[in-house]
Amino acid sequence: MTDSIASLRHKITSAQDLESVVRSMKTIASSSIGQYEKAVHSLDDYYQNVQLGLSACLSQSTQLEQPAVIVNRSQKHAPAIGAIVFGSDQGLVGQFNEVMVEFVVDSLAKLSGNKMLWAVGERVESRLIETDLKTEASFELPHSINTITALVGEILIELEAKRDQGLIDQVFLFHHKPEVNSVSRPVSQQLLPLDAAWQQELVAIDWPSNNLVEVMPDQDQTRRSFVREYLFVSLFRACAESLASENASRLAAMQRAEKNIDEIQENLNQTFHRLRQSDIDEELSDVLSGFNALS
């Protein structure tokens, strides 16, 4: 009986320690969600301004029939479809990575041709390796807003190199996006090529004022600068949204864990008190028996 009570005490102490860890992780996740969501909201206006700049440049371009940016520099090989997949480096995020991999597999299955994937995050990379998709070298997932810029630069350099070699043409982004009524949902975006359909969509954007827009004399250089900013902000926002979603998933997982720990603690405490009371009753019974025997 004593060993059982000691074992229960140990389990109760372990549950309390685990609950403390879960609460700390909840606090960290909540704090991280705030900074990433703030970054996403800050990018909205900037992204809109970049789109307006591109719209102005393309509206005055005389070559709308052809892509304003070269999208395939080599025809030596049949270009593959490239995909950047954002996931997580750490666990305790529920089905965050599994849902993303399933979404990627289903989305790319609808497209013909070879596929070439880059994973951002060790956990999602390990899930992608288990599929039939070809996975290139992965990227390390940033752990703060300040390190996202470096990651975006690495991705753009890698894409540029593969496109210069004619290995890829179309490039898609896959990431989780925070939702109001749910934790997040997987989404995709075509990043490249910047084709005629993409240009026509930008040209159709209404200018926010009645003033006539005028592009600087070197329209080609201005247009290329806006394109670079468009690619940068698209990748930056995708990464920030993915990190916000990851921490939201971790927060939800920790809330479920905390609820389970509370239920376990309640059951352990009830069992402990029941056994303790039984032990006390047994000791009292022995005392009474001894007293009666002496009497």
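# A guided tour of the chain

The accessible surface of the chain comes to about 16,700 Å², and carbon and sulfur atoms account for 51% of that surface (Shrake-Rupley method, 1.4 Å probe; for residues, only the protein chains shown count as cover). What you have open is a predicted model, in which local features need pLDDT of at least 70 and side-chain atom pairs count only at pLDDT 80 or more, while totals for chains, interfaces and linings use all residues. Residues are numbered from 1 along each chain as its sequence is written, and side-chain values use heavy atoms, with hydrogens and water left out.

**The whole chain**

Start with everything selected and a cartoon view. You should find six helices and five strands, where helices (H or I, at least four residues) and strands (E, at least two) are DSSP runs numbered from the N terminus. Follow the chain from the N terminus and the order reads α-β-α-β-α-β-α-β-β-α-α.

Now turn the C-alpha trace along its principal axes: the spans are about 115 × 45 × 30 Å. The chain has a radius of gyration of 29 Å, whereas a compact globule of 295 residues would be near 19 Å; the radius is taken over C-alpha atoms, and the globule rule is 2.2 Å times the number of residues to the power 0.38.

Colour by burial next. Of the 295 residues in the chain, 41% are buried (buried means under 20% relative accessible area, exposed over 50%, and partly exposed in between, with a 1.4 Å probe and protein chains only). If you display contacts (heavy atoms within 4.5 Å), take those between residues at least 6 apart in sequence: 80% of them join residues at least 24 apart.

Colouring by charge gives 25 positive and 41 negative charges, with mean positions 2 Å apart. Lys and Arg count as positive and Asp and Glu as negative, while His and the chain ends are not counted. Each charge is placed at NZ of Lys, CZ of Arg, CG of Asp or CD of Glu.

**Helix 6**

Select residues 219–294, which form helix 6, and pick out Ser234 within it. Is Ser234 buried or exposed? It counts as buried because its relative accessibility is 2%. Beyond its neighbours within four places in sequence, Ser234 touches Tyr47, Leu173, Gln189 and Leu191, so show those side chains too.

Move along to residues 247–274, which an unreviewed UniProt entry annotates as "coiled-coil region". UniProt positions are given in the numbering used here, feature names are shortened, and annotations may be inferred rather than shown by experiment. In the model, this span is 100% helix and 0% strand, with its end C-alpha atoms 40 Å apart.

Two stops here are worth a distance label. Ile264, in helix 6, is partly exposed at a relative accessible area of 45%. From C-alpha to C-alpha, Ile264 and Ala15 are 7.8 Å apart in space, although 249 residues separate them in sequence. Arg274 is also in helix 6 and is exposed, at 52% relative accessible area. Its partner to label is Ile5, 269 residues away in sequence and 9.8 Å away in space, C-alpha to C-alpha.

**The loops**

Step back to Asp218, in the loop between helix 5 (196–203) and helix 6. Asp218 counts as partly exposed, with 39% relative accessibility. Draw a line from its C-alpha atom to that of Ser138, 80 residues apart along the chain, and you get 38 Å.

Next, select Glu140, in the loop between strand 3 (134–135) and helix 4 (148–164). Glu140 is exposed, at 63% relative accessible area. Which residues does Glu140 contact, leaving aside its neighbours within four places in sequence? They are Asp89, Val120 and Leu151. Arg185 lies 45 residues from Glu140 along the chain, and their C-alpha atoms are separated by 22 Å.

**Two backbone details**

Finish with sticks on the backbone. Pro193 sits in the loop between strand 5 (184–192) and helix 5, and the peptide bond joining Leu192 and Pro193 is cis, with omega about 5°.

The last stop is Leu92, in the loop between strand 1 (80–86) and helix 2 (96–109). Its phi is near 60°, a positive value in a residue other than glycine.
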